[in-house]
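Please open the model in a viewer and keep the selection panel at hand. The stops below go from one selection to the next.

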Amino acid sequence: MPIFKTGEMFRSPGFKIVTTNSFITREKRLVMGKGAALQLRNMIPDIDLVFGKLILEACGHLGTYGLLMNGKYGAAQVKYNFMDKADPDLIAFSMGFLAWEANINRYVYNINYPGIGNGGLSKEIVRPILNLLPNNVYVWEK
């Protein structure tokens with residue numbers, strides 16, 4: 001089971017994963033306009049372009065990729081269009097990739113709590129999905 005934390009995820013050691021979508025702009029950038037995704041985009045210039053190109057290679061605009069890592073940063077898909085509500089099935093799909101990655105590498109993985117902020121879901125819906133994650137995954141809320 002993951003470890004649930006409150007505070008600033010980006011100050012914690014380990015990999016940083018933000019929840020995202022698969023909406024790619026004409027400039028080949030992933031839309032990262034709110035929450036932890038926006039915070040990461042502001043911290044790491046052009047990370048939206050990096051993830052946009054990775055998503056285009058993996059599945060294309062509005063496709064399904066689950067989890068993508070680039071160095072110590074990651075994008076976990078919780079929706080297709082940034083304007084939609086988060087999709088619990090898509091969260092489960094993405095968290096399956098994260099669980100696999102975290103079980104193999106045993107590093108610390110930090111992720112913002114999927115689906116509850118701009119995703120519009122309740123913790124009651126999302127929490128059971130997260131229980132499959134190992135204890136080297138920290139799930140963060142501000």
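Select helix 3, residues 88-105, in this predicted model. Helix 3 lies across strand 2, strand 3, strand 4, strand 5 and strand 6 (137-141). Its direction makes an angle of about 165° with strand 5.

Next, add helix 1, residues 35-43. Helix 1 lies across strand 2 (15-20), strand 4 and strand 5 (109-112), and runs at about 125° to strand 2.

**The sheet**

Now show the strands without the helices. In what order do the six strands of the open sheet lie? The order is 1-6-5-2-4-3, and the pairing is mixed. Strand 1 (3-6) and strand 3 (67-70) are at the edges; each has a single partner strand, so one side of each lacks a neighbour in the sheet. On average, and with direction ignored, neighbouring strands here are turned by 25° against each other.

Strands in a sheet pair through backbone hydrogen bonds, in a parallel or an antiparallel manner. Begin at one edge, with strand 3 and strand 4 (residues 73-77). These two run antiparallel and are joined by four bridges. For one of the contacts between them, select N70, whose bridge partner in strand 4 is Y73.

Keep Y73 selected and add K16: Y73 is the bridge partner of K16 in strand 4. Strand 2 and strand 4 are parallel, with five bridges between them. Strand 2 also pairs with strand 5 in the parallel sense, here over three bridges.

**Strand 2**

Stay on strand 2 and colour by accessibility. How many of the six residues of strand 2 are buried? Six of the six are, so strand 2 is largely enclosed by the rest of the structure. Both of its faces are covered. F15, I17 and T19 are buried on one side, and K16, V18 and T20 are buried on the other.

**The aromatic pairs**

Show the aromatic side chains. Five aromatic pairs turn up in a search of the whole structure. Start with F4 and Y113, a tilted pair with 5.8 Å from centre to centre and 35° between the planes. F4 belongs to strand 1 and Y113 to the loop between strand 5 and helix 4 (123-130), so the pair ties together parts 109 residues apart in sequence. Are these two residues buried or partly exposed? F4 is partly exposed, at 27% relative accessibility, whereas Y113 is buried, at 6%.

Move on to F15 and Y109. Their ring centres are 4.9 Å apart and their planes meet at 20°, so this pair is stacked. F15 sits in strand 2 and Y109 in strand 5, 94 residues apart, and the pair thus links distant parts of the chain. F15 and Y109 are both buried. The two residues are also partners in the backbone ladder, as Y109 is the bridge partner of F15 in strand 5. Add Y107 to the selection: ring pairs link F15, Y107 and Y109 into a cluster.

**R127**

Return to F4 and Y113, then select R127, which is in helix 4. Which residues does R127 contact, leaving aside its neighbours within four places in sequence? They are M1, F4 and Y113. R127 is partly exposed, with a relative accessible area of 34%. For a distance to display, take the C-alpha atoms of R127 and P114: they are separated by 9.1 Å, and the residues are 13 apart along the chain.

**The whole chain**

Clear the selection and view the full chain. It has four helices and six strands, which follow the pattern β-β-α-α-β-β-α-β-α-β along the sequence. The C-alpha atoms fill a box of roughly 40 × 30 × 25 Å along the principal axes. For 142 residues, a compact globule would have a radius of gyration near 14 Å, and the 14 Å of this chain agrees with that.

Of the 142 residues, 47% count as buried. Among contacts in the chain with a separation of 6 or more, 64% are between residues 24 or more positions apart. Finally, display the surface: the accessible area of the chain is about 7,000 Å², and 54% of it belongs to carbon and sulfur atoms.

Notes. Residues are numbered from 1 along each chain as its sequence is written. This is a predicted model: local features need pLDDT of at least 70, side-chain atom pairs count only at pLDDT 80 or more; totals for chains, interfaces and linings use all residues. Side-chain values use heavy atoms; hydrogens and water are left out. Two strands pair if DSSP finds at least two bridges between them. Axes are lines fitted to C-alpha atoms, for helices over the stretch in contact, and angles run from 0 to 180 degrees between N-to-C directions. Contact means heavy atoms within 4.5 Å. The radius of gyration is taken over C-alpha atoms; the globule rule is 2.2 Å times the number of residues to the power 0.38. Buried means under 20% relative accessible area, exposed over 50%, partly exposed in between (1.4 Å probe, protein chains only). Accessible areas come from the Shrake-Rupley method with a 1.4 Å probe; for residues, only the protein chains shown count as cover. Rings of Phe, Tyr and Trp (its six-membered ring) pair if their centres lie within 6.5 Å; planes under 30 degrees apart count as stacked, over 60 as edge-to-face and the rest as tilted.
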